[in-house]
Amino acid sequence: MRGERLLVGVMAALAAGIALLIAGSVLDLVPHVTDSVSYLFQGRILASGALYAPPPALPMLFGHENVLLTATRWCSIYPPGWPLLLALGWLVHAPWLVSPLLLALAVVGVWLAGRRLYDAPTGLVAGAALACSPFALLMAGDAMAHVPALCATVWCLAEMAGASRRSSAALCRGGGSDLAAAAAAAEGAAAAAAAADIGAGRIAGPERAPAAGVRKHLVAAGLLGGFALLIRPLTAAALLAPAVIWCAIELARRRRQDGQLRAASPASAGAGRLEWLWIGLGAAPCLLALAAYDAAVFGGPFVTGYALYEPQRFAHAGGALEPAAVALLRNLPWYLRHLNGCLWGFPCGDLLLLVPLLWARPRRADDAVLAACAASLVLAHCFYFYGDVIYSGPRFAFESLGPLALLAARSLLTLRASLVSLLERMRGLSAGTRRTLRLALTGAGVCMLLVFPLGRRLPAQMLHHAQWYLAQSAAPLAAAARAGVGDEALVFVAGTPWCYSSFFLANDLHPATARRVYVRDFPPLRSAAMRLYPRHEVWVARVVVEIPDPRANPDVARPLELSWQRIR
């Protein structure tokens, strides 16, 4: 077990290290997506001890996508879960560190979920599958909310799997040797060990395991799922709903099987029927926090920043939904096509890797639940009005990487077991030859997880994303030092409007008292801006970009002009 944990730790550390490399050398520690800028801005506000910042004078000079700027407040439109984590990064002056660390934690969560649902090899391969996914590594280089949502959801799945396993152990204790044998066959070595502990008297009392084990896991699952709702509500609800339903049904089924325990302890049995409510108890603090945040920042417990920012679409139910025909006939094939190429970059397509699951035995019900989680997430976002490809994949389906990594591990190990079985049936092969061929199969699987994702797709994608991705770069601010811009300066940002994102976070939360101030350039408002923000120097930074190939590469820009001119 110690060696297994060490291996998982190495995989998680390598994933975090590659993500940090991408953040520093490819993205230059610059948020490239407007969503990331909004999240980082709110994280800085929370780190300052406030829920929102006061609006600056001449607010239109500071307008930014997905940032709410009204007469009374200046804040992000998004839920507070991810900004709260980013606030911790701001407090140590390293917000760019948070996402890679959460990816490492997600790798550990996937391993734990695989171990609890299936066995140790499945957990290890699933952790490796997530750690080497270019989609995950690229996404973790920025400050998007998808990596923390992935982390929270996979740990929620791991805790629900833990509740199921502990429930199986309790069933072993209540039902005698026949049930213990059945649980050992269903749950593997872990459940058999738990049954042995019960039989030897090391776990005492008929109620102790459910109370101390199952409920603890359920509360933890609820808390993690609730925090996922604080980060990305629709994503968390869509992905986790099948797993929560499965967990409740599975616990109820096992309680029905344990008739002897119910007869021996009716009070314990009655409490068991309510065990699924412990998930709700764990989630309750996060749901209450979300309602309180919305009330304090947006004006009501059920009012979102989306509704204030874009009321024509989000102020009424269904305003952001696509018709069923569009969702199923256009959006669903689009998601499947892009997922098939972005998860690992296998030449034959990534989703074809899951075909061996058709003959996987046992635990097919768990496979179906994981597949339902991934499918539910994709299907839910098919009905959402907007979808895009960010960091090489369809970002609204990003969190499906957790269940899909587990299914990919199951599939690879099933394929290996089938090939090994075929070797065992071949006559004329010596024991040494069979052993060599088994090692060769294992090595081929490891190479497959290294060569195609990390050796081919990731380097190409890193080069792609280093080219003024989404029109953002560290170059404009770096040029300020070369131009000799002083510490106290008012800077008008002109040129392509998108490029203001590269300057936005360089502002202070209180521009009136800041030394440097970066504002959008509206020539009729220059005089008013210089009067409201008087500084020793006044500059115009002009950044003009074009998209050379809007059809094939719509997210890659090329700079046409980058200049700094002092006008006072």
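Is Phe504 buried or exposed? I looked this up before anything else in what is a predicted model. Phe504 has a relative accessibility of 2%, so I entered it as buried.

**Entry: aromatic pairs**

I counted the ring pairs next, and the total came to 23 aromatic pairs. One of them joins Phe41 and Phe504, with 5.2 Å between the centres and 65 degrees between the planes, and I noted it as edge-to-face. Phe41 belongs to helix H2 (residues 34-47) and Phe504 to helix H21 (residues 501-504), so this pair ties together parts that lie 463 residues apart in sequence. I also checked Phe41, which counts as buried because its relative accessibility is 3%.

I then turned to Phe385 and Tyr386. Their ring centres are 6.0 Å apart and their planes meet at 40 degrees, so I put the pair down as tilted. Phe385 is partly exposed at a relative accessible area of 25%, and Tyr386 is partly exposed at 39%.

Both rings belong to a cluster linked by ring pairs, whose members are Tyr39, Tyr78, Tyr306, Phe314, Tyr384, Phe385, Tyr386 and Phe396.

**Entry: charges over rings**

Phe385 came up again here. The charged end of Arg313 sits over its ring, 3.7 Å from the centre. I found another case at Phe492, where Arg526 lies over the face of the ring at 5.5 Å from the ring centre.

**Entry: strand S5**

How many residues of strand S5 are buried? I found six of the seven in residues 489-495, so the strand is mostly covered. I looked up its partners as well. S5 runs parallel to strand S6 (residues 516-520), and five bridges join the two. Within this pairing, Val493 has Arg520 of S6 as its bridge partner. S5 also runs parallel to strand S7 (residues 537-546), here with seven bridges. On that side I noted Gly495 opposite Val543 in S7.

**Entry: cavity**

I searched for enclosed space and counted one cavity of 30 Å³ or more. Its volume is about 70 Å³. Which residues line the largest cavity? I listed Leu117, Leu157, Met160, Ala161, Ala243, Trp246, Asp366, Val369 and Leu370. Helix H7 (146-187), helix H10 (233-257) and helix H17 (364-382) are the elements that each give two or more residues to this lining. By class, I recorded eight nonpolar residues, no polar ones and one charged residue.

Key: Residues numbered from 1 in each chain as written. Predicted model: local features only at pLDDT ≥ 70, side-chain atom pairs only at ≥ 80, totals over all residues. Heavy atoms only, no water. 1 Å grid on protein atoms, 1.4 Å probe; cavity = no way out; pocket = protein on both sides within 12 Å on 5 of 7 lines; lining within 4 Å. Points joined across faces, edges and corners; volume = space filled by probe spheres on them. Helix = DSSP H or I, 4+ residues; strand = E, 2+ residues; numbered from the N terminus. Nonpolar A, V, L, I, M, F, W, Y, C, P; charged D, E, K, R; others polar. Buried < 20%, exposed > 50% of the residue type's maximum accessible area, 1.4 Å probe, protein only. Pairing = 2+ DSSP bridges. Phe/Tyr/Trp six-rings, centres within 6.5 Å; stacked < 30°, edge-to-face > 60°. Lys NZ or Arg CZ within 6 Å of the ring centre and 35° of its normal.
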